[in-house]
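Here are my comments on the model you sent round. They are set out as numbered points for checking against the coordinates.

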Amino acid sequence: MRRLRRALAAAAGSLTLALALPAASAHAATGDFTYVYNDPYLGPLPGRLTDPPSRTCLNLPGAIQEYLPPAHTPRNHTTSTATVFTGLDCTGDHFTLRPNGGHASERLKLRSVVFS
């Protein structure tokens, strides 16, 4: 439980930092990337990355600890191609989702993503 709280706090801190940075300082994919992750206490929950940075590997909040199940059911509603990975830090097998609506089923398991 303590690890889960730390992971959630780290994810919130990263999100706060990302929102504090000026938008003109880096390229970003415009739009939302959504996925589903499984909370051990609450069950399936929606995850969302809004206007994620480009060319930066992002570990998915809710699926960043090895003891947690990977996320699934990605939907790429950003303006960039999303490459999703089965492992943390953009490692393992990968699959590419086209911009503006690319998606996959719950059979595709993922823990990280990078946008072009």
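The points below cover the strands, the core, the aromatic rings, one threonine and the disulfide.

1. Status of the model. This is a predicted model, and the remarks that follow should be read with that in mind.

2. The open sheet. Four strands make up an open sheet, and their order is 3-9-5-6. The pairing in this sheet is antiparallel. Strand 3 (58–59) and strand 6 (94–97) are the edge strands, each of them paired on one side only. Within the sheet, strand 5 (residues 82–85) and strand 9 (residues 112–115) are joined antiparallel by 4 bridges. Thr83 has Val114 of strand 9 opposite it. As general background, strands of a sheet pair through backbone hydrogen bonds, in either a parallel or an antiparallel sense.

3. Strand 4 and its partners. Which strands pair with strand 4? Strand 1 does so antiparallel, through 5 bridges. Strand 8 (residues 109–110) is also antiparallel to strand 4, with 2 bridges between them. Strand 7 (residues 102–103) pairs with strand 4 in the antiparallel sense as well, again over 2 bridges.

4. Residue pairs on strand 4. Asn76 is the bridge partner of Phe33 in strand 4. Asn76 is also bridged to Gly102, which belongs to strand 7. Ala71 has its bridge partner in strand 8, namely Leu110. As for cover, 6 of the 8 residues of strand 4 are buried, so the strand is mostly covered.

5. Thr73. This residue sits in strand 4 (residues 71–78). Is Thr73 buried or exposed? Its relative accessibility is 18%, and because the cut-off for buried is under 20%, Thr73 counts as buried. The side chain of Thr73 makes a polar contact of 2.6 Å with the side chain of His72. Leaving out residues up to four places away in sequence, Thr73 touches Thr34, Tyr35 and Val36, and also Ala104, Ser105, Glu106 and Leu108.

6. The nonpolar core. The largest nonpolar core contains 16 residues. Those with the most contacts inside this core are Phe33, Tyr35, Leu49, Leu60, Ala71, Val113 and Phe115. Strand 1 (31–39), strand 5 and strand 9 each contribute at least two residues to the core. Strand 1 gives the largest share, which is 3 residues. In soluble globular proteins, nonpolar side chains tend to be buried together.

7. Tyr35. What does Tyr35 contact, apart from its neighbours within four places in sequence? One run of contacts is Leu45, Pro46, Gly47, Arg48 and Leu49. Leu60 and Pro61 are in contact with Tyr35 too, as are Ala71, His72, Thr73 and Pro74. Tyr35 is buried, with a relative accessible area of 3%.

8. Aromatic pairs. How many aromatic pairs does the structure hold? There are 3 aromatic pairs. One of them is Phe33 with Tyr35, a tilted pair at 6.3 Å centre to centre with 35° between the planes. Phe33 is buried, and its relative accessible area is 0%. Tyr35 and Tyr37 form another tilted pair, at 6.3 Å centre to centre and with 45° between the planes. Tyr35 and Tyr37 are both buried. Ring pairs link Phe33, Tyr35, Tyr37 and Phe115 into a cluster.

9. The disulfide. The structure holds 1 disulfide. The bond runs from Cys57 to Cys90, with the sulfur atoms 2.1 Å apart. The torsion about the S-S bond of Cys57 and Cys90 is about 105°, so the disulfide is right-handed. Where do the two cysteines lie? Cys57 is in the loop between strand 2 (43–50) and strand 3, and Cys90 is in the loop between strand 5 and strand 6, so the pair ties together parts that are 33 residues apart in sequence.

10. Exposure of the two cysteines. Cys57 has a relative accessible area of 33% and is partly exposed. Cys90 is buried, at a relative accessible area of 19%. Buried means under 20%, and Cys90 falls on the buried side of that cut-off at 19%.

Conventions: Residues are numbered from 1 along each chain as its sequence is written. This is a predicted model: local features need pLDDT of at least 70, side-chain atom pairs count only at pLDDT 80 or more; totals for chains, interfaces and linings use all residues. Side-chain values use heavy atoms; hydrogens and water are left out. Two strands pair if DSSP finds at least two bridges between them. Buried means under 20% relative accessible area, exposed over 50%, partly exposed in between (1.4 Å probe, protein chains only). A polar contact is a pair of N or O atoms within 3.5 Å; within protein, one must be able to donate a hydrogen and the other to accept it, and residues adjacent in sequence count only if both atoms are side-chain atoms. Contact means heavy atoms within 4.5 Å. A nonpolar core is a set of buried Ala, Val, Leu, Ile, Met, Phe, Trp, Tyr and Cys residues joined through side-chain atoms within 4.5 Å. A disulfide is a pair of cysteine sulfur atoms within 2.5 Å. Rings of Phe, Tyr and Trp (its six-membered ring) pair if their centres lie within 6.5 Å; planes under 30 degrees apart count as stacked, over 60 as edge-to-face and the rest as tilted.
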